[in-house]
Each structure stands twice: as C-alpha cells, then as structure tokens.
Amino acid sequence: MTKVLISVDMEGISGVVHASETHPEGYDYTRARTTMTAEVNAVIDGVLEGEPGAEVWVADAHGSFRNLLPEELDRRALLVRGKPRPSGMLGGLDAETDAVLFVGYHGRAGSGPAVIAHTMNGIILDVRVAGLSLGEIGLNAAMAGHLGVPVVLLSGDDVACAEVRELVPETVTVEVKRALAQGAAVALHPQEARDRLRVAAAKAVARRDEVTPFRVQGPVDVEIDLGRAHTVDLAMLVPGVTRVGGGRTIAYSASDFAEAYRLALLIAQLGNITPA
C-alpha cells in the first residue's frame, strides 16, 4: 500500500499574514486553524484521487503541533499530533513512506520579502548544512531524503515555492499568496486555494517517481547562528557542540543527516529557555 505523509505548517496557509494569527492567544487564530484544516482536507482529497487506497498520514507541524481540528479532519487520514517527537515536523515519516507533501510552509529566516519568514523559532537566524543555508523547507526535505522519500508538493507564498524549487526542481508548488512583506501578502480566496491544492496534490502523488529525494550525505557539518548569547551558552552543554569565533555561531558534526536534524531540533528548543 502507498503511504503518503502530509506535513502541515500554518504561516503558509492562504490568508495568514501576521504572526499573531498563528498563536493560540492571538487575533484570528481560530479562523487560521479552521482554514489550515480545510486546506489539509483538500490535499487529502487530491492525494486519494491520484492514488486511490493510499494510507494518508497528516503531521500537525506548527508551534505546539496541536492546531488542526481533529473532528474536522478528513476521516480517511491518520493524524500525528503533539510534541516532542524525534521526527519533528515530519511525525509519521519512516522508510515505508512513498511521498511527502508540505502544506502551509514558509520561507527561511532572512528570506524576503516573505510572509512570517523564520527557521524553527525567532532565535535561530540561519542554519548551514555543508555550507548550504537551509530553513524548515530544506531541513525537512533533507530529513525525508535521508530515508529516500521525495517532497512532491509544497504550498505557501511565492518565496517558499521558489525555495523548494531550488532544492527539488520537480516539486509541484501551489502559490496561495504573494508576499509583500513579513506581514503582508496578496492572497487567493481560501476556496480557490483549496481547489488548486486538490488538483496539485493529485498530480504530485501520481508523478512521485519523477521526483528526486533531496539528500545530504554524511558526515554532516552544521553551523547555526543564534540570536541570543544565552542560547549559545546552553548549546555548549551539548556534547560535540562548539562555539565558532567566540560569537553567536555554534557548530557540530553528525554521522548522518538524521543525527544532524535531531540536534537542530534540540538547539531550537534550547532557544525557548530564558535565563533564570
């Protein structure tokens, strides 16, 4: 049986333009999570049109990983919800997965103009893997590629779509909005976005064998620029992590990309700790 994983973030969902909309206590969060769930359902529809009988997993991949409305999600899909989990935004990914779809993704930190561009959290300024700057798109694509799984679809703003095409040119992209700034965009009507997502998902899954997985061969050298000196100090407690040049850049080497990915997840969590 074909297994398909849909990883869903919120910043790249149609109509979402401000960070406050992506936080539970923020303005319009309720609307954003409803739209997020509806876009996932459109993708599920498309996947099952393109590959009838597929096993569809959906990984809630934003913030707390508890945003999608379970009771509103298409009942034909399995939902991976909550954190922490070793595969991060790719909960449910394994070697039996045949294709991954990124829905509602955003540009990496420092890209722009891009809607709510960041990498993991506001503390990480850049992640370089073997000298290549990667955001969540690149890191998750490489984690999927480590297991030989291709990223066949991505939806988000125009910057996110361009970012994935630089890494995986064959990926089908759905531009649901065009970025004007960090907090502004020209967006499709939500129903138009869903219609396009359904059609694109069917196409993407049907042609998955034409998409080359994005692989980063080990050993993997990683550098991460951090926005807080305190986070650097905490990172130095992790075995194998070193400080680069005495500043706010840390470095480590991993035997393969899966190890590098897990360490990046840990560093991101350290960024949530404030000084005592």
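**Exercise 1. Helix H3 and its neighbours**

Work out which strands and which helix the buried residues of H3 pack against.

*Solution.* Step 1: go through the contacts of H3's buried residues. They pack against strand E4 (99-105), strand E6 (132-133), helix H2 (136-146), strand E7 (151-157) and strand E8 (172-181). Keep in mind that you're looking at a predicted model.

Step 2: name the residues behind those contacts. H3 covers residues 158-167, and its buried residues are Val159, Ala160, Cys161, Glu163, Val164 and Leu167. For a residue to be called buried, its relative accessible area has to be under 20%.

Step 3: check how the helix begins. Here a side-chain oxygen of Asp157 comes within 3.1 Å of the backbone nitrogen of Val159.

**Exercise 2. Strand E4 and its partners**

Explain why E4 can be described as largely enclosed by the rest of the structure, then find the strands that pair with E4.

*Solution.* Step 1: count the buried residues. In E4, seven of the seven residues are buried, so the strand is largely enclosed by the rest of the structure.

Step 2: take one partner. Strand E1 (residues 3-8) pairs with E4 in the parallel sense, over five bridges. If you want one bridge to look at, Val8 has Val103 of E4 as its partner.

Step 3: take another partner. E7 runs parallel to E4 too, and four bridges join them. Try Val100 here: its bridge partner in E7 is Val151.

**Exercise 3. Helix H2**

Find out how many residues of H2 are buried, and which elements they pack against.

*Solution.* Step 1: count. Of the 11 residues of H2, 10 are buried, so this helix is largely enclosed by the rest of the structure.

Step 2: put names to them. The buried ones include Glu136, Ile137, Leu139, Asn140 and Met143. Ala141, Ala142 and Ala144 are buried as well, and so are Gly138 and Gly145.

Step 3: list the contacts. H2's buried residues pack against E4, E5, E7, H3 and H6.

Step 4: look just past the helix. H2 is followed by Gly148, which has a positive phi near 80°.

**Exercise 4. The largest pocket**

Describe the largest pocket: how much space lies in it, and which residues are closest to its centre?

*Solution.* Step 1: start with the volume. The largest pocket holds about 730 Å³ of space.

Step 2: go to the lining. It has 33 residues, and those closest to the centre are Gly63, Phe65, Lys83, Met120 and Gln269.

Step 3: ask which elements contribute. H2 and helix H6 (257-270) are the elements that give two or more residues to the lining. H6 has the largest share, with six residues.

Step 4: sort the lining by class. You get 14 nonpolar, 13 polar and six charged residues.

**Exercise 5. Backbone oddities**

Locate the cis peptide bonds that lead into Pro84 and Pro219, then decide whether Asp28 and Ala130 are buried, partly exposed or exposed.

*Solution.* Step 1: go to Pro84. The bond between Lys83 and Pro84 is cis, with omega about 0°, and Pro84 sits in the loop between strand E3 (77-80) and E4.

Step 2: go to Pro219. The cis bond here comes from Gly218, and omega is near -5°. You'll find Pro219 in the loop between helix H4 (190-206) and strand E10 (220-226).

Step 3: turn to Asp28, in the loop between E1 and helix H1 (29-50). Asp28 isn't a glycine, yet its phi is positive, near 70°. Its relative accessible area is 27%, so it counts as partly exposed.

Step 4: do the same for Ala130, in the loop between strand E5 (124-129) and E6. Phi is positive here too, near 50°. Ala130 has 61% relative accessibility, so it counts as exposed; the cut-off for that is over 50%.

**Exercise 6. Strand E12**

Find the strands that pair with E12, and say in which sense they do so.

*Solution.* Step 1: check the cover. E12 (residues 249-254) has five of its six residues buried.

Step 2: look at E10. E10 and E12 share six bridges in the antiparallel sense, and Ile224 has Ile250 of E12 as its bridge partner.

Step 3: look at strand E11 (residues 242-244). E11 is also antiparallel to E12, over three bridges. One of these takes Thr242 to Ala251.

Step 4: inspect the hairpin of E11 and E12. Four residues lie between the strands, and Gly245 has a positive phi near 65°.

Note on methods:
Residues numbered from 1 in each chain as written. Heavy atoms only, no water. Buried < 20%, exposed > 50% of the residue type's maximum accessible area, 1.4 Å probe, protein only. Contact = heavy atoms within 4.5 Å. Polar contact = N/O pair within 3.5 Å; in protein donor to acceptor, adjacent residues only side chain to side chain. Pairing = 2+ DSSP bridges. 1 Å grid on protein atoms, 1.4 Å probe; cavity = no way out; pocket = protein on both sides within 12 Å on 5 of 7 lines; lining within 4 Å. Points joined across faces, edges and corners; volume = space filled by probe spheres on them. Nonpolar A, V, L, I, M, F, W, Y, C, P; charged D, E, K, R; others polar.
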